[in-house]
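Please read the following points beside the sequence and the 3D structure. They go from the surface and charges to the overall fold, and then to a single residue.

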Amino acid sequence: MLVYLAGILSSFSAAGLCHRDIAYLNPASGTRNLLDVYYPPDIENPKDVLVFIHGGSWNSGKKDAYWWLGRNFASKNVVAITINYRLAPDYQFQQMAADCASALKWVKHHIAEYGGNADRIFVMGHSAGGHLAALINADPRFFEQQELLNPIRGVILNDGFGLDMHEYLLQAPMNKQTQSFLKTFSANPEYWKKGSPFTYFDRIRHPFLILVGEKTYPAIKIQSKRFFEMLSAQNRPVQYQVISRKKHVGMISQMIFANNELYKTILDFMQAN
């Protein structure tokens, strides 16, 4: 397996480049505030930029697991960034979203060094990463804390979970996973509202691409569909697509393969916006 992975990485180095473990905050802040940049060798012509926020129920996950996503986008002439952020139980959603906004500030200020167009930054998140992508786009406080105008050109939700945590935590049966979510959102329903992208719906202006697995969790199906319908009703730019036969994890793991259809869907969305 290691020989196989080494071969893949070597072949990538011939077609693209990667700068790993860049501190987007103080270098002393640790491994949770690092990012990786994957980019084509040609850095003279500005390219679209995609920032990926990983999932993991807000308490797990890391950028390194998605090197193939960065590689695949770079091979398609996109500058791709994968990021780490602080996790529960030591931190709550406010700190996680603040980290994501800090990473976007770094991208805005530095991505031209890697051939990226700082005016065309898209954000993609899977699962809890979709929640964080939608939240920093909708709730202005996170970019205001960075003294930065929202730099996001468009948002891609890949089976995004947690668009309405207030509804979910009020209605979902209690289980071990719910207890974990409470470490991220606290036991205070007012914080559930503050942590829900739906709460800031009226502030959303940027285009959305909403991708949902046909066999994913019911809460994701219900909230994603409602989010799409509300955006459509307000004539906001939004696309919605159900991916047949896919479960929650499969929605991101399928993208290990560079010829997966989601790449074309995402690139078409980026090019149209």
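1. The protein chain exposes about 12100 Å², an area computed by the Shrake-Rupley method with a 1.4 Å probe. Carbon and sulfur atoms supply 53% of this exposed area.

2. This is a predicted model, in which local features need pLDDT of at least 70 and side-chain atom pairs count only at pLDDT 80 or more, while totals for chains, interfaces and linings use all residues. Residues are numbered from 1 along each chain as its sequence is written, and side-chain values use heavy atoms, with hydrogens and water left out.

3. The protein chain carries 28 positive and 22 negative side chains (Lys and Arg count as positive, Asp and Glu as negative; His and the chain ends are not counted). The centres of the two sets lie 5 Å apart, each charge being placed at NZ of Lys, CZ of Arg, CG of Asp or CD of Glu.

4. The protein chain contains 11 helices and 8 strands (DSSP runs numbered from the N terminus: H or I of at least four residues for helices, E of at least two for strands). Its radius of gyration over C-alpha atoms is 18 Å, close to the 19 Å that the globule rule (2.2 Å times the number of residues to the power 0.38) gives for 273 residues, so the protein chain is as compact as a globular protein of that length.

5. Where is S127 found? It is in the loop between β5 (116-126) and α4 (128-138). S127 is buried (under 20% relative accessible area, 1.4 Å probe, protein chains only), with a value of 9%. Leaving aside neighbours within four places in sequence, S127 is in contact (heavy atoms within 4.5 Å) with G55, N158, D159, G160, F161 and H248.

Notes
Buried means under 20% relative accessible area, exposed over 50%, partly exposed in between (1.4 Å probe, protein chains only).
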